[in-house]
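Here are a few exercises to work through with the model open beside you. Try each task before you read its solution.

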Amino acid sequence: MDGHAAGEVWLVGAGPGDPGLLTVRGRDLLATADVIVVDRLALAVLDGAPLDGAPPDGASPECAPSAQIIHVGKSATAPSWSQERINALLVERARAGARVVRLKGGDPYVLGRGGEEAEACAAAGVRCTVVPGVTSALAVPALAGIPVTHRDVAQEIAIISGHLAPGHPDSTVDWPGLAASRATLVILMGVARLIAITEALLDGGRPEATPVAVIERGGTAAQRVLRTTLDGLAVDAIAAGVRSPAVIVIGEVAARNDAAVPTAPAAGARPAVASRPLVGVRVLVARTRARPGLLARRLRALGADAVETVVARPAPAGGDDAAAALLTALDGVNAILLADPDEVAALVSLLRSAGTDVRALAGRTLVAAGPSAREALDSLGLASVPRTHLRAQLNAEPRPLGPPTVLAVAGAEPDLGPAEHAWSVRRLTLLTDVAAEPDPRIAEELRHGDFDVAAFASSTAVRGTAELYGPLPPDLLVAAMGRRSAQACEAAGIRVDIVPAEPGVHPLAAAVADFVTASRDPLN
Ligand code: SAH
């Protein structure tokens with residue numbers, strides 16, 4: 001170190017992702033840095049790069065024009081650096097005389113390994129200063145309108161890493177203690193462990209109805225907030241396709257929406273819907289499971305009076321023997337094809353009832369029939385291949401024991417070519433739709449013409465409605481989420497008025513709003 005101009009390291013907290021939430025000192029240091037070493041989560045602040053696709057509002061701080069920017073976080077094209085390599089880089093550049101800003105998401109010392117970087121500098125005799133940041137643990141809930149403490153209901157907060165599953169030998173988290181407390185729980189890095197975390201808290205006695213909010217990409221234009229309850233968390237998060245980075249808030253305060261800060265709309269982004277276009281519109285939403293009710297929630301957010309009715313439920317097939325049947329069916333299987341998030345959830349829960357968990361799937365290729373199944377697997381931390389890659393993937397693997405076996409779970413068929421005639425396909429049904437009871441009030445309201453719109457998010461919902469309520473009134477507008485539900489309407493003799501260009505809960509609700517607005521507008 002002797003003989004060099006003294007370099008220095010600053011560990012700077014970048015805040016949760018909105019450039020406006022970087023501290024003034026952090027901004028000043030960026031403006032005079034020689035080297036900036038940046039993580040993926042802090043990138044959005046630095047140069048306006050997206051946090052998974054969300055363009056920033058253009059308010060990125062100025063960096064010194066000559067500063068060298070080194071990306072050490074994971075990106076779509078490059079893996080992240082090891083902590084040792086990052087430590088070595090900081091020390092090496094400072095020793096060479098550079099002013100090094102190590103820009104880290106949120107606060108450097110909150111679950112961000114900043115302590116290890118400071119230690120490495122100290123051990124090497126490099127001067128290191130910490131510039132605290134706005135931690136996502138507190139800011140992201142606030143940006144969704146959630147006060148993490150509230151005088152009457154929550155007087156303590158626990159900020160927890162969800163990185164290690166409850167029960168992991170290296171975990172120091174007291175899950176039973178947290179479950180028994182009334183503290184607000186703020187969980188970072190927990191998306192991949194949602195099911196295990198939920199189970200640990202429910203087992204430890206947190207009530208099933210405890211409110212939960214999951215805030216994805218908080219403080220960016222792509223912020224999404226899922227509100228649910230502890231017992232609904234796993235299923236709802238899978239259905240919503242929740243992805244990292246997300247903060248999970250558990251506790252009474254999670255139901256509050258006190259003063260959500262509106263996120264600045266991204267340049268070129270569609271403007272947020274200014275008004276509530278569906279006010280005064282009564283929509284019947286046919287559901288095929290007790291949760292998640294995302295469509296009704298979305299319609300209500302647009303002002304609709306959405307009335308939900310359950311017309312069919314998927315139940316795990318096979319009764320008590322299903323878990324055992326699953327283990328038998330998995331034996332010797334090379335790939336597992338899953339149709340949708342319900343099948344993913346049923347697979348996971350049946351493995352748990354069989355006394356094991358997703359590790360029992362190790363070594364098998366998981367194949368997603370569509371994007372919703374892929375997202376459901378992804379949110380459990382399980383990688384999958386699209387159905388179209390199944391053949392290529394299995395053909396590429398060495399297979400001394402003969403042709404592969406594919407397990408097709410209920411709703412999806414593998415597409416195999418003539419060359420794959422020797423493959424065996426094993427079929428297993430994890431879910432079956434059981435009919436619900438008709439609700440006499442719904443039947444009565446339909447007869448009276450009290451509904452303006454009926455919205456269907458699946459073909460099962462269509463069939464269930466047709467079965468329970470017979471022919472629908474001719475002036476009822478019918479909205480179908482996609483091709484399959486529209487076809488099911490046709491098959492049941494139901495006229496379809498609205499189909500969104502892309503399938504999905506949000507596009508469907510938006511299409512209903514557009515249709516209603518257009519029919520109200522005298523120019524149309
Ligand atoms: N030191 C950081 C936390 C690093 S751990 C801080 O103080 O904020 C990374 C985790 O932080 C992510 O997995 C996610 O749980 C959370 N996180 C960070 N930024 C976020 C954001 N903008 N929206 C949602 N979660 C975020």
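**Exercise 1. Work out how much of the chain is buried and how its contacts spread along the sequence.**

Step 1: Of the 524 residues in the chain, 47% count as buried, where buried means under 20% relative accessible area, exposed over 50%, and partly exposed in between (1.4 Å probe, protein chains only). Keep in mind that this is a predicted model, in which local features need pLDDT of at least 70 and side-chain atom pairs count only at pLDDT 80 or more, while totals for chains, interfaces and linings use all residues. Residues are numbered from 1 along each chain as its sequence is written, and side-chain values use heavy atoms, with hydrogens and water left out.

Step 2: Count the secondary structure, and you get 17 helices and 21 strands; these are DSSP runs numbered from the N terminus, with helices being H or I of at least four residues and strands E of at least two.

Step 3: Now take contacts (heavy atoms within 4.5 Å). Among those between residues at least 6 apart in sequence, 71% join residues at least 24 apart.

**Exercise 2. Find the largest nonpolar core and say which elements supply it.**

Step 1: A nonpolar core is a set of buried Ala, Val, Leu, Ile, Met, Phe, Trp, Tyr and Cys residues joined through side-chain atoms within 4.5 Å. The largest one here has 31 residues, and Leu326, Ile336 and Leu430 have the most contacts inside it.

Step 2: At least two residues of this core come from each of α8 (233–240), α10 (322–330), β14 (335–338), α11 (341–353), β15 (365–368), α12 (371–379) and β17 (405–409).

Step 3: Which element gives the most to this core? That's α11, with seven residues.

Step 4: For background, nonpolar side chains tend to be buried together in soluble globular proteins.

**Exercise 3. Describe how α3 packs against α4.**

Step 1: Start with the axes, which are lines fitted to C-alpha atoms, for helices over the stretch in contact, with angles running from 0 to 180 degrees between N-to-C directions. Those of α3 (residues 83–95) and α4 (residues 114–123) come within 9 Å and cross at roughly 45 degrees.

Step 2: That makes α3 oblique to α4; angles under 35 degrees count as roughly parallel, over 145 as roughly antiparallel, 65 to 115 as roughly perpendicular and the rest as oblique.

Step 3: From α3, Gln83, Ile86, Asn87, Leu90 and Val91 meet Glu116, Glu117, Ala120 and Cys121 of α4. By class, this contact has five nonpolar, two polar and two charged residues, with Ala, Val, Leu, Ile, Met, Phe, Trp, Tyr, Cys and Pro counted as nonpolar, Asp, Glu, Lys and Arg as charged, and the others, Gly among them, as polar.

Step 4: Is Glu84 buried or exposed? Glu84 sits in α3 and is exposed, at 56% relative accessibility. Its C-alpha atom is 9.2 Å from that of Glu116, 32 residues away along the chain.

**Exercise 4. Do the same for α9 and α17.**

Step 1: The axes of α9 (residues 294–301) and α17 (residues 505–520) come within 9 Å and cross at roughly 40 degrees, so the two helices are oblique to each other.

Step 2: Leu294, Leu295, Arg298 and Leu299 in α9 meet Val505, His506, Leu508, Ala509 and Val512 in α17. Sort those residues, and you have seven nonpolar, one polar and one charged.

**Exercise 5. Look at α15 and pick out Thr465.**

Step 1: α15 is mostly covered, with eight of its 11 residues buried. Among them are Ala461, Val462 and Leu468.

Step 2: Thr465 lies in α15 (residues 459–469) and is buried, at 2% relative accessibility. Leaving out residues up to four places away in sequence, Thr465 touches Ala286, Val311, Phe456, Gly470 and Leu472.

Step 3: Gly470, just after α15, takes a positive phi of about 65 degrees.

**Exercise 6. Track down the backbone oddities.**

Step 1: Most residues other than glycine have a negative phi, and most peptide bonds are trans.

Step 2: Leu111 has a positive phi of about 45 degrees. Leu111 sits in the loop between β4 (99–104) and α4 and is partly exposed, at 38% relative accessibility.

Step 3: Arg217 has a positive phi of about 50 degrees. The loop between β8 (211–216) and β9 (224–229) holds Arg217, which is buried at 16%.

Step 4: Finally, the peptide bond from Ser244 to Pro245 is cis, with omega near 0 degrees; Pro245 is in the loop between α8 and β10 (246–250).
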